[in-house]
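Good morning, colleagues. Please take a moment with the model on the screen before I begin.

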Amino acid sequence: MNHSLAVVVIASGVAYGTPLLYAALGELLTERSGVLNLGVEGMMLIGAVMGFWTVQRVHAGSGAILVVAIGVAALAGALTAAIHAFLVITLRASQIVSGLALTIFAGAAGLSSYLGNDFNLGDNPARHQFHAVFPARVQRWPIVGPIVFGQNVLVYVSWACVVAVWLYLTRTRPGLNVRAVGDSPAAADAMGIDVAAYRYAHTLVGGAFAGVAGATFTLAITPQWVDGITGGAGWIAIALVIFAFWRPELCLVGAYFFGALQALSPELQARGIHIGPTELWANSLPYLMTIVVLVLVSASSTRRWLGAPAALGLPYVREER
Amino acid sequence: MVAVPAASLVFAFFASGLVLLATGHNALSSYRRLFDAAFVANGALGQTLVSATPLAFTGLAAAAAFRMRLFNIGGEGQLLVGAITAAAAGLYFGGSGGPSAFAIAAMVVAGCAGGAAWALIPGILRAFFRTNEIITSLMLNYVAAYLLTYLIFNTQSYWRQTTGFNAAVFPTSKDLPSSALWPGATIHLRGGILLPLGAGFAVLAAAVLWVLYSRTRFGFEAQVLGDSPRAARYAGMRTRRKILAVMAISGAIAGLGGASQDGDFRHTLDADPNGLQRQYYGYSGIVVAALARYNPFAVLLVAFLVGGLQNAGNTLQGADFPSGLVGVIQGIILFSALGGELLVRYRIRISRRPAAAPPAPEAA
């Protein structure tokens, strides 16, 4: 039963979906504050390379080193995001161009590749990696074994993050303030909220999440370093935020759904099953569905209900209030 | 107008130098080798043109749309779809023998049409549903890439080579017939510089775009619409029609870039995931357009410079030249240009106060 198509695809969907989930949660926080950061892919790659560098070069016990590596990845992601934050919040540059520039600067043919090359990371597999937490006996339980108990600790932490982000946005004062900043910065400013500070903080946190997402690749999914290891996951994460209507709990569903779609195509091929042009629709579906959701979101009647931050992508200039 | 981009460039090279120094490389010698491999060495200029031509197309495509504040970042996908449709035209109309004007014209038309059609998807969504074109055009890049891969690797499509020994072993695309290959002009200088036909088309496209935006009513209205949609509506301009037209023009130029990839350089529909798709011409084109401040002729110049940078990166990669440096430099140039924008927008003027200001009228 545990080798049936559905279980295998869902289990690997959870594994593949985890970096998407981390990155999407980060981007969600950033976008909720009104900043669009298209540099997710770049920030992920920086997190991936720095996390990997940590496990290869720093010597300590396996558990400790992995925690440190995640911390380093988060820090590296946040620092990368700081460039974007400075350009779009302080200098009010175009968020689109700046985000793309961030991906070019940090991405597969940029700083992440430079660092990986310079540190000679490409040749060896990871010295430490995240393994499944539960004993093999538990993992063999029908259905829930592989799907729920067959995962590494990063998966379980991501669930905690979903809850934390949800609580933060709906139950705390700063969380409500962020939503005000993202929906109507002028009103938030009038309330005495420091719009720039909120936007900086959430862009940096978004970067940190993206860094962790990247490290999920190099420390758990494919424990090695190759240029562009994230393979476009950053763009899917951006799509996912929209797909999830800017809500953390839906990010979880969407991440696993998109992750499962990624796992579906090779799995169907391996089993010799063909449902139309499988490779085409399974891979394109996340992007096409995001477009459909965007069309729904853009109709003004549904927009408020769906929760798109009203001031997303717009710089806030106090003098033009 | 030139001072700010130039200063950004200087700053960028300074900042990238710091990255080099911080990782223990000699910045000056790295730059010298970069410059040498881009513009000086034998055959370098020809290779630079190979890199610069697609960037000119995608740069012009981005400039055409961004000027109207239509953020078409789907140049990547539009180029790929243009390459697909142009290759179909080339395969269909091409034959043996020398370059045929008819086959080439068919490829140009098909490439433009393919790119324009792909760009019209976000265009229509924007015009009729007010859907943000940034994300939709971005998403379609991936769909286009999967479509390209699918056509060659997962199906027996028209583009795929189905006969011959290799075809059974590894999926490849059909070679274009010889009359569908685009001719180039050779300048006999420094080991011969090949001017691809596509580069000529790019110059032509830049000229057309310049005339369109600065000399016609259409261009004027498009810019008004970009700067102030409300004013445009009050003045009775047709918003939807203009959005569709601008997106179609932008996509057509990017699609022409795809046709040039087929005809000028690759001579087949390149579906290799590490080939055409890995070049990210569409994204780099946005960099080029932004650096050129959306001026068509400046786009050509910047495309040439960035093309040189990319070419040098490809040539030098490996051994002791850090891969990824080119992306770092490109990114930093763009960051500093973006930062420099602020100086353009809020022009800082040093003005001396008049020595004796007229005394404020005292209340009598």
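I shall speak about confidence, then the contact between the chains, then the core, and finally two places in chain A.

What you see is a predicted model, and I therefore start with its confidence. Chain A has a mean pLDDT of 88, with 97% of its residues at 70 or more. Within that chain, helix α11, residues 195–221, scores highest at 95, whereas helix α15, residues 300–306, scores lowest, with a mean of 60. Where pLDDT is low, predicted coordinates should not be read in detail.

Let me turn to the contact between the chains. Chain B contributes 40 residues and chain A contributes 40 residues. On the side of chain B that touches chain A, α5, α6 (133–153), α12 (281–291) and α14 (325–345) of chain B each provide at least two residues. Of the helices of chain B, α14(B) gives the most to that side, with 13 residues. By character, the residues of this side of chain B are 26 nonpolar, 12 polar and two charged.

Now the interior. The largest nonpolar core comprises 232 residues, and those with the most contacts inside it are A:Ala23, A:Ala24, A:Leu25, A:Leu240, B:Leu60 and B:Val299. Helix α5 of chain B, residues 101–129, is the element that gives the most to this core, with 15 residues.

B:Leu60 deserves a closer look. Setting aside neighbours within four places in sequence, B:Leu60 is in contact with B:Ala202, B:Ala205, B:Ala206, B:Leu209, B:Ile253, B:Pro296 and B:Val299. One of these partners, B:Val299, is itself listed among the residues with the most contacts inside the core.

The next place is in chain A. Is A:Glu27 buried or exposed? A:Glu27 is buried, because 32 other C-beta atoms lie within 10 Å, and the cut-off for a buried residue is 20 or more. This glutamate lies in helix α1 of chain A, residues 5–32. Apart from neighbours within four places in sequence, A:Glu27 is in contact with A:Asn37, A:Val40, A:Gly206, A:Ala237, A:Ile238 and A:Val241. Its C-alpha atom is separated by 9.7 Å from that of A:Gly234, although the two residues are 207 residues apart along the chain.

Last, helix α5 of chain A, residues 111–118. How many of its residues are buried? Eight of its eight residues are, including A:Leu111, A:Tyr114, A:Asn117 and A:Asp118. Just after α5(A), A:Asn120 adopts a positive phi of about 55 degrees.

Thank you for your attention.

Key
Residues are numbered from 1 along each chain as its sequence is written. Chains are lettered from A and ligands numbered from 1 in the order in which they are written. This is a predicted model: local features need pLDDT of at least 70, side-chain atom pairs count only at pLDDT 80 or more; totals for chains, interfaces and linings use all residues. A nonpolar core is a set of buried Ala, Val, Leu, Ile, Met, Phe, Trp, Tyr and Cys residues joined through C-beta atoms within 7 Å. A residue is buried if 20 or more other C-beta atoms lie within 10 Å of its own, exposed if 12 or fewer, and partly exposed in between; C-beta atoms are placed from the backbone. Helices (H or I, at least four residues) and strands (E, at least two) are DSSP runs, numbered from the N terminus. Two residues are in contact if their C-beta atoms, placed from the backbone, lie within 7 Å. Ala, Val, Leu, Ile, Met, Phe, Trp, Tyr, Cys and Pro count as nonpolar, Asp, Glu, Lys and Arg as charged, and the others, Gly among them, as polar. pLDDT is the predictor's confidence in each residue, from 0 to 100.
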